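Subject: Structure handover

Hello,

Please find the structure below, with my notes after it.

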Amino acid sequence: MAALGGDGLRLLSVSRPERQPESAALGGPGPGLCCWVSVFSCLSLACSYVGSLYVWKSELPRDHPAVIKRRFTSVLVVSSLSPLCVLLWRELTGIQPGTSLLTLMGFRLEGIFPAALLPLLLTMILFLGPLMQLSMDCPCDLADGLKVVLAPRSWARCLTDMRWLRNQVIAPLTEELVFRACMLPMLAPCTGLGPAVFTCPLFFGVAHFHHIFEQLRFRQSSVGSIFLSAGHLIGPVLCHSFCNYMGFPAVCAALEHPQRRPLLAGYALGVGLFLLLLQPLTDPKLYGSLPLCVLLERAGDSEAPLCS
């Protein structure tokens, strides 16, 4: 489908006059207005999520347990209410998805196992170099590492660590719910499925600029290093949590590592395999039917590339 804006959507209607968007058939607003409603809804969600973090006035840094607990409360409230924004968008645009709201947002059992495993595997392949670096610098062997990971005491310590809960549980769940599950259905009928997948991270990235000001305020890092680490991969919750755990790859440390050559080879191999496997491992056929395709058909775009 055409990009954002009324002109492109008018061209679409001229090239395919026999198809009318459902919003027009239902007497709702025109395509151009639907796009503005979609963008405004996404901006409202992003601003509400970030704004909820600053409801509590505090001079403490963001990693202080008291600040983290308060922000847990705020983002959980906003995330719980975010599906209402999708419902309001549906009423304003007149587009009826033809499926339940939870299914449209990605809460379904069909294809759940490949959806949980394959994207995580692909992300781990991309981080092959950093994983090699982590194993080289870790003093314990694989068996000892597995014992630590599987030990109940280790999990108990993690569950009482506010920073761990934020980075590995709360942030992936709430951010994926708001910035992917809610925004993607609203953007897809306007931009098309492919552009919507790349547009959601823009809202996600802009919403994370507040971290830059916080880190500068408490002098936690330089401007250059902040911009290098401000972004994360967007994807399923498991991938998001894994990326939060790994952080930005320490390329500079790899260049100075005693085993630099095999480590850099791992970095290159990981990126190469990621690019090679990206298309086959993200083939929609592996994950069952796509509810968003039903939404696009209702919006008048039954020939979306990812749905054909």
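I start with Thr123, which lies in helix α6. This is a predicted model, and everything that follows was computed from it. Thr123 has a relative accessibility of 8% and counts as buried, since the cut-off for buried is under 20%. Its side chain reaches the backbone oxygen of Pro119 at 2.8 Å.

Helix α6 covers residues 112–126 and also holds Phe113. In contrast to the buried Thr123, Phe113 is exposed, with a relative accessible area of 65%. Phe113 belongs to a nonpolar patch on the surface, together with Leu109, Ile112 and Leu117. The accessible area of these four residues together is about 490 Å².

Overall architecture

The protein chain is built with 17 helices and 0 strands. It has 308 residues, of which 37% count as buried. The accessible surface of the chain comes to about 17,400 Å², and carbon and sulfur atoms account for 69% of that area. As for contacts between residues at least 6 apart in sequence, 74% join residues at least 24 apart.

Cysteines

How many disulfides does a search of the whole structure find? The search finds 1. The partners are Cys35 and Cys190, whose sulfur atoms are 2.0 Å apart. Cys35 lies in helix α3 (residues 31–52) and Cys190 in helix α10 (residues 162–191), so the disulfide ties together parts that are 155 residues apart in sequence. The torsion about the S-S bond is about 115°, which means that this disulfide is right-handed. Are Cys35 and Cys190 buried or exposed? Both are buried.

Two further cysteines deserve a note. Cys42 is buried, at 0% relative accessibility. Why does the sulfur of Cys42 not form a bond with the closest cysteine sulfur? That sulfur is in Cys200, 6.3 Å from the sulfur of Cys42, and this is too far for a bond; the cut-off for a disulfide is 2.5 Å. Cys252, by contrast, counts as exposed, at 62% relative accessibility.

Salt bridges

The count of salt bridges comes to 5. I describe some of them here.

One of them joins Asp63 and Arg163, with the closest N and O atoms 3.8 Å apart. This pair links distant parts of the chain: Asp63 sits in the loop between α3 and α4, Arg163 is in helix α10, and the two are 100 residues apart. Both residues are partly exposed, Asp63 at 24% relative accessibility and Arg163 at 42%.

Another salt bridge is formed by the side chains of Arg180 and Glu176, at 3.1 Å from N to O. Both of these residues lie in helix α10, 4 residues apart, which is about one turn of the helix. Their accessibility differs in class: Arg180 is partly exposed, with a relative accessible area of 31%, whereas Glu176 counts as buried, at 2%.

Salt bridges that share partners also join Arg62, Asp63, Arg163 and Arg166 into one network. Arg62, like Asp63, is placed in the loop between α3 and α4. With a relative accessible area of 18%, Arg62 is buried, because the cut-off for buried is under 20%. How far apart are Arg62 and Arg163 in sequence and in space? They are 101 residues apart in sequence and 9.6 Å apart in space, C-alpha to C-alpha.

The side chains of Glu110 and Arg108 also meet in a salt bridge, at 3.4 Å from N to O. Glu110 is partly exposed at 43% relative accessibility, and so is Arg108, with a relative accessible area of 21%.

Helix α10 comes up more than once in these notes. It contains Cys190 of the disulfide, Arg163 of the salt bridge with Asp63, and the pair Arg180 and Glu176.

Regards

Definitions and conventions:
Residues are numbered from 1 along each chain as its sequence is written. This is a predicted model: local features need pLDDT of at least 70, side-chain atom pairs count only at pLDDT 80 or more; totals for chains, interfaces and linings use all residues. Side-chain values use heavy atoms; hydrogens and water are left out. Buried means under 20% relative accessible area, exposed over 50%, partly exposed in between (1.4 Å probe, protein chains only). Patches are made of residues with over 30% relative accessible area and no salt bridge: like charges are joined within 9 Å, nonpolar side chains (Val, Leu, Ile, Met, Phe, Trp, Tyr) within 5 Å. Accessible areas come from the Shrake-Rupley method with a 1.4 Å probe; for residues, only the protein chains shown count as cover. Contact means heavy atoms within 4.5 Å. A polar contact is a pair of N or O atoms within 3.5 Å; within protein, one must be able to donate a hydrogen and the other to accept it, and residues adjacent in sequence count only if both atoms are side-chain atoms.
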